[in-house]
Amino acid sequence: MSFNESSRNETPANVSLSPSSSVSQSLEYKTVSVFLVLLVCGVGIVGNVMVVLVVLTTRHMRTPTNCYLVSLAVADLTVLVAAGLPNVSDSLTGTWIFGHAGCLGITYLQYLGINVSSCSITAFTVERYIAICHPIRAQAVCTVSRAKRILAGLWSCTCLYCMLWLFLVDIQVSQAGLLQCGYRVKRELYLPIYLFDFTIFYVLPLLLAIVLYALIARILYLRSGDRCGDGVTMAMGRRGRRCNEGVTKMLAVVVVLFALLWMPYRTLVLINSFLPAPYLDAWVLLFCRTCIYANSAINPLIYNLMSQKFRSAFRQLYRCRRTEGLLRTLSVVQPAVSAAPEATAKPRGQIQGTGADLSPGEDGRTHREVGQREDRPSQKTPVASSPTV
């Protein structure tokens, strides 16, 4: 979001504010800004799309916790697309090119993605607390169907709340004649709204996360020192406890990164809310924006590093996409081979053999091409269900 010069002195910055200094017009700044935004947003978009695909296409990954992670991934995608990519055009052209409808829509999507990501983090924090501290109750409370209903409510309420921003922004014309998308309200009106948003979607979620993860850490510490084990511990089993501990540590890292990477921007906007003239150093603003985009891009990397199930699912998704491309190539080559009668037998058999080795099923086994006989009965490997990632 950009302001003209007069509005910059009346309102604080938001996520995509254009810096006021002439540094932003330099070739060095534009090069660094465009490179960083494209790199971080590109990695984040690919990673979050993979998270959504993995959970939707892999049966054993459809757990309550992963439902919240899908919601977080969709929210992060919204932030990267609505807040990150428009900054590239701002850096290159120096003017707003998306019109009045784009100004309203992009602002709405920015805050929708930001607020839903905070709500999703709060939701899986509460879910982890119930799963660890109240495991018996979690069997009835922490279900996929309940998680879907909770997420539907969170998205619906946040969509309605973010409609407020549609009345706070508008297209403005700077003294240089450039179009900019910025706030049209005075600080007296904007400041209470921002402070409410800051409290509800940043301060309170972090305070709740600190309290709940402290309780979780206490329970895990007590269980680790219980050599004999009580009834609840024995019911969970060692394997279940290890999985729950691993998932909880991974989600705790997500919360910590959310707090750290959002802190520069939140602090800057809070300070600018009370300064007579906002502090708008170009490189500081670029750092704050990059931290926001990095927060939306880094979560898939955390899942890959700390969750073996996610890591295996990512690899399987990559193999499936690679296999589909190879099979499409073989389907093009096969008719050409069949057109030669005298060379039909051997080449055709070779192609079918290759296809049989490269067509994985849902359970990871390979299926033979149509027309080939099974020499032995297929054996399905049962997939162990787990309430964790």
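A crossing of two helices is right-handed if the near helix is turned clockwise from the far one by less than a right angle. The model shown in these views is predicted.

**View 1. Helix H3 crosses helix H6 in a right-handed sense.**
The two axes lie 8 Å apart, at an angle of about 25°. Angles under 35 degrees count as roughly parallel, so H3 and H6 are roughly parallel to each other. On the H3 side, the meeting residues are Pro64, Cys67, Tyr68, Ser71, Val74 and Ala75. On the H6 side, they are Val144, Ala147, Ile150, Leu151 and Trp155. By class, the residues of this contact are ten nonpolar and one polar, with no charged residue.

**View 2. Trp155 sits in helix H6, which spans residues 144-162.**
Trp155 has a relative accessible area of 22% and is partly exposed. Buried would require under 20%. Beyond neighbours within four places in sequence, Trp155 contacts Ser71, Val74, Ala75, Leu112 and Val116. Ser71, Val74 and Ala75 also belong to the H3 side of the meeting with H6. Trp155 and Ser71 are 84 residues apart along the chain. Their C-alpha atoms are separated by 8.9 Å.

**View 3. Helix H2 packs against helix H3.**
H2 covers residues 27-57, and H3 covers residues 64-93. Their axes are 9 Å apart and form an angle of about 155°. Angles over 145 degrees count as roughly antiparallel, which makes H2 roughly antiparallel to H3. The crossing of H2 with H3 is left-handed. The contact draws on 19 nonpolar residues, six polar ones and two charged ones.

**View 4. Helix H3 also packs against helix H4, residues 99-133.**
The angle is about 155°, and the axes are 8 Å apart. H3 and H4 are therefore roughly antiparallel to each other. H3 passes H4 in a left-handed crossing. Their contact is made of 16 nonpolar, seven polar and three charged residues.

**View 5. Asn115 is a buried residue of helix H4.**
Its relative accessible area is 0%. Residues up to four places away in sequence are not counted among its partners here. Asn115 touches Thr158, Tyr161 and Cys162. Asn115 also touches Asp197 and Phe201. Thr158, Tyr161 and Cys162 fall within the residue range 144-162 of H6.

**View 6. Trp165 lies in the loop between H6 and strand S1.**
Strand S1 covers residues 169-173. Trp165 counts as buried, at 1% relative accessibility. Neighbours within four places in sequence aside, the contacts of Trp165 are Thr107, Tyr111, Tyr183, Tyr190, Ile193 and Asp197. Asp197 is also a partner of Asn115. The C-alpha atoms of Trp165 and Tyr108 are 6.2 Å apart. Along the chain, 57 residues separate this pair.

**View 7. The largest nonpolar core holds 80 residues.**
Five members touch the most other members: Phe124, Trp165, Tyr293, Tyr303 and Phe310. Trp165 is the loop residue of the previous view. In soluble globular proteins, nonpolar side chains tend to be buried together.

**View 8. Ala252 belongs to helix H8, residues 231-272.**
Ala252 is partly exposed, at 23% relative accessibility. Ile210 lies 42 residues away in sequence. From C-alpha to C-alpha, Ala252 and Ile210 are 9.4 Å apart in space.

**View 9. The whole protein has eleven helices and two strands.**
Along the sequence, the pattern runs α-α-α-α-α-α-β-β-α-α-α-α-α. The protein has 389 residues, and 45% of them count as buried. Consider the contacts with a separation of 6 or more. Residues 24 or more positions apart account for 75% of these contacts.

Notes:
Residues are numbered from 1 along each chain as its sequence is written. This is a predicted model: local features need pLDDT of at least 70, side-chain atom pairs count only at pLDDT 80 or more; totals for chains, interfaces and linings use all residues. Side-chain values use heavy atoms; hydrogens and water are left out. A nonpolar core is a set of buried Ala, Val, Leu, Ile, Met, Phe, Trp, Tyr and Cys residues joined through side-chain atoms within 4.5 Å. Buried means under 20% relative accessible area, exposed over 50%, partly exposed in between (1.4 Å probe, protein chains only). Axes are lines fitted to C-alpha atoms, for helices over the stretch in contact, and angles run from 0 to 180 degrees between N-to-C directions. Helices (H or I, at least four residues) and strands (E, at least two) are DSSP runs, numbered from the N terminus. Angles under 35 degrees count as roughly parallel, over 145 as roughly antiparallel, 65 to 115 as roughly perpendicular and the rest as oblique. Ala, Val, Leu, Ile, Met, Phe, Trp, Tyr, Cys and Pro count as nonpolar, Asp, Glu, Lys and Arg as charged, and the others, Gly among them, as polar. Contact means heavy atoms within 4.5 Å.
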